[in-house]
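Colleague: I'm new to this one, so could you take a close look at a single part for me, the surroundings of the rotation axis? Which residue of chain A comes closest to that axis?

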Number of protein chains: 2
Amino acid sequence: MTTTPSHEKFNDELWVWGKAAQRPRVLHTMVRVRDLDESLRFYIDSFGMKAMGQRFEFEESRASAVFIGYDDYAAGNCLELVKEWDVNRPYTQGNGYGHIAIGVPDVRETVERLRASGTEITMEPAVLLQGGPHVAFVKDPDGYAIELIETRQT
Amino acid sequence: MTTTPSHEKFNDELWVWGKAAQRPRVLHTMVRVRDLDESLRFYIDSFGMKAMGQRFEFEESRASAVFIGYDDYAAGNCLELVKEWDVNRPYTQGNGYGHIAIGVPDVRETVERLRASGTEITMEPAVLLQGGPHVAFVKDPDGYAIELIETRQT
């Protein structure tokens, strides 16, 4: 691990989260996945996310990382999917982390589409707080809980 | 659980994530915490986040939830902190979820401030990819891994 002062050999391509921010912001949540292609298909095909340009290959830690989301690195709101090259067993999730929430215009339509493609629906669309949006829960390919929250009043 | 069509009894206060979004976006990551006040102090005092207006009290599931972040619900990039009223044991984290990343203008200054307030630093600030930003890892009060990424070139 080398601590090179960043101003000496500045590599613009590595400052994907921006280089002029004066204030902090939440950037992404990282989850480890068993099959990067399957996870990318899930988040891209089912949720319309896109993979951001660069795929990071960490030779030293033997892992690959792809960032996905709806905007770009600097906008935050991203997920980092990490594939450890030597790990094929399922990951455990503990009971601390709860879920990752995605706002979608139509929760019921999204759930039907996910169901048709074989996704496990763990809570059917429902209005939990009277007058509030529909929410639902599904599982991603590794079993991570994804909450869907309706963001468009119909 | 009641599924009331949302257009019948619309409660504007519950549509905190917006009600006109035509496209999906990542909204927040939820983590369970043992001591809501301690966690709020950590994220507010050390990171400058703010608690969003409403504290949700879920009588049925016996839990409270507070959303925190730098902007507002609709902007996404939030964390949802959940306190289960009847749980006081430490939560387990498994090995699937990795971390939550926060971009800060000055990683080294942030780490020194966190260290002074007793936060455990799990990886000292370092440039991992030549010419890239400083990154560091710290633990929040429940042990969740927080990655700090420098977002301002100095």
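Modeller: To find the axis, the copies are superposed by least squares on the C-alpha atoms of residues with pLDDT of at least 70 in both. This is a predicted model, so local features need pLDDT of at least 70 and side-chain atom pairs count only at pLDDT 80 or more, while totals for chains, interfaces and linings use all residues. Residues are numbered from 1 along each chain as its sequence is written, chains are lettered from A and ligands numbered from 1 in the order in which they are written, and side-chain values use heavy atoms, with hydrogens and water left out.

Now the axis itself. A turn of 180 degrees, with a shift of 0.0 Å along the axis, lays chain A on chain B with an RMSD of 0.0 Å. That is how a two-fold axis relates two copies. Your residue is A:G94: of the residues of chain A, its C-alpha comes closest to the rotation axis, at 2.1 Å.

What about the surface where the copies meet? Taking contact as heavy atoms within 4.5 Å, 100% of the interface residues of chain A are interface residues in chain B too, so the copies meet through the same surface.

There is an empty spot to look at as well. A cavity here is a set of points, on a 1 Å grid over the protein atoms alone, where a 1.4 Å probe fits but cannot get out, and its lining residues have an atom within 4 Å of a point. Grid points are joined across faces, edges and corners, and the volume is the space filled by probe spheres set on the points. The structure holds 1 cavity of 30 Å³ or more, and the largest cavity has a volume of about 80 Å³. It is lined by 14 residues, and those closest to its centre are A:V26, A:T29, A:N77, B:V26 and B:T29. Strands are DSSP runs of E, at least two residues long, numbered from the N terminus. Strand 1 (25-32) and strand 4 (78-84) of chain A, together with strand 1 (25-32) and strand 4 (78-84) of chain B, each give two or more residues to that lining.

Finally, the cysteines. A disulfide would be a pair of cysteine sulfur atoms within 2.5 Å, and the count over all chains is 0. For A:C78 the nearest cysteine sulfur, that of B:C78, is 14 Å away. Buried means under 20% relative accessible area (1.4 Å probe, protein chains only), and A:C78 counts as buried at 3%; B:C78 is buried too, at 2%.

Key
Buried < 20%, exposed > 50% of the residue type's maximum accessible area, 1.4 Å probe, protein only. 1 Å grid on protein atoms, 1.4 Å probe; cavity = no way out; pocket = protein on both sides within 12 Å on 5 of 7 lines; lining within 4 Å. Helix = DSSP H or I, 4+ residues; strand = E, 2+ residues; numbered from the N terminus.
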